[in-house]
Amino acid sequence: FNVNRLGLAKKLVELSRSQEVLKETLAVKTEALEKSVSRCEELEASLRHSHQPAGYLVESIKKKELLISQLKVELKQCNEELEEQRGLERTLRAEREELRLDMEKVLKNREQLNTMKKIYQHSNRA
């Protein structure tokens, strides 16, 4: 019976050691598994975020294309207005030149009238 007890005690000690080794192995494997799960979650998050920038870039490009289109329309309108203003400027310059020439004629006529008036007044005195 003592031999049996001694064998059981040795077996118990051996099983206890095996249990400790298995606990340590389990702890190491659990830690490795947790790290792997954590890394997997990080990679999944990165993957989700990697799709977001693509969507963001597509949306950003669409907005910029729309803005470019609007600016092209605005630029076309500005060019049309500029051409109108240039035409108006040419017209006004021509009118100004006509007015200048008319003013020169009026001033020459005035000088001639003043000269004629002086001659007339001089001849009436005499």
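## Accessibility and the cysteines

A residue is called partly exposed when its relative accessible area lies between the buried range, under 20%, and the exposed range, over 50%. The model described here is predicted. Cys78 has a relative accessibility of 42%, so Cys78 counts as partly exposed. Cys40, with a relative accessible area of 40%, is partly exposed as well.

The structure holds 0 disulfides.

## Helix α1 and a nonpolar patch

Helix α1 comprises residues 2-125, and Leu57 is found in this helix. Leu57 also contributes to a nonpolar surface patch, together with Tyr56 and Ile61. The area of this patch is about 350 Å².

## Salt bridges along the helix

Side chains of opposite charge can pair when their charged atoms come close. In this model the count comes to 6 salt bridges. Three of these pairs are described below, beginning with Arg39 and Glu42.

The side chains of Arg39 and Glu42 form a salt bridge with an N to O distance of 3.4 Å. Both residues belong to helix α1, where they stand 3 residues apart, about one turn of the helix. Arg39 has a relative accessibility of 46% and is therefore partly exposed. Its partner Glu42 is likewise partly exposed, at 42% relative accessibility.

## The pair Glu83 and Arg86

A salt bridge also links Glu83 with Arg86, and the closest N and O atoms are 3.3 Å apart. These two residues lie in helix α1 with a spacing of 3 residues, again about one turn of the helix. Glu83 is partly exposed at 43% relative accessibility, and Arg86 is partly exposed with a relative accessible area of 39%.

## A network around Arg100

Which residue meets the side chain of Arg100 in a salt bridge at 2.3 Å? The partner is Glu104, the distance being taken from N to O. Arg100 and Glu104 are both in helix α1, 4 residues apart, which is about one turn of the helix. Arg100 has a relative accessible area of 40% and is partly exposed; Glu104, with a relative accessible area of 36%, is partly exposed too. Salt bridges that share partners extend this arrangement to Glu97, joining Glu97, Arg100 and Glu104 into one network.

Terms used. Residues numbered from 1 in each chain as written. Predicted model: local features only at pLDDT ≥ 70, side-chain atom pairs only at ≥ 80, totals over all residues. Heavy atoms only, no water. Patch = residues over 30% accessible without salt bridge, like charges linked within 9 Å, V, L, I, M, F, W, Y side chains within 5 Å. Areas by Shrake-Rupley, 256 points an atom, 1.4 Å probe, with all protein chains shown as cover. Salt bridge = Lys/Arg side-chain N within 4 Å of Asp/Glu carboxyl O. Disulfide = S-S within 2.5 Å. Buried < 20%, exposed > 50% of the residue type's maximum accessible area, 1.4 Å probe, protein only.
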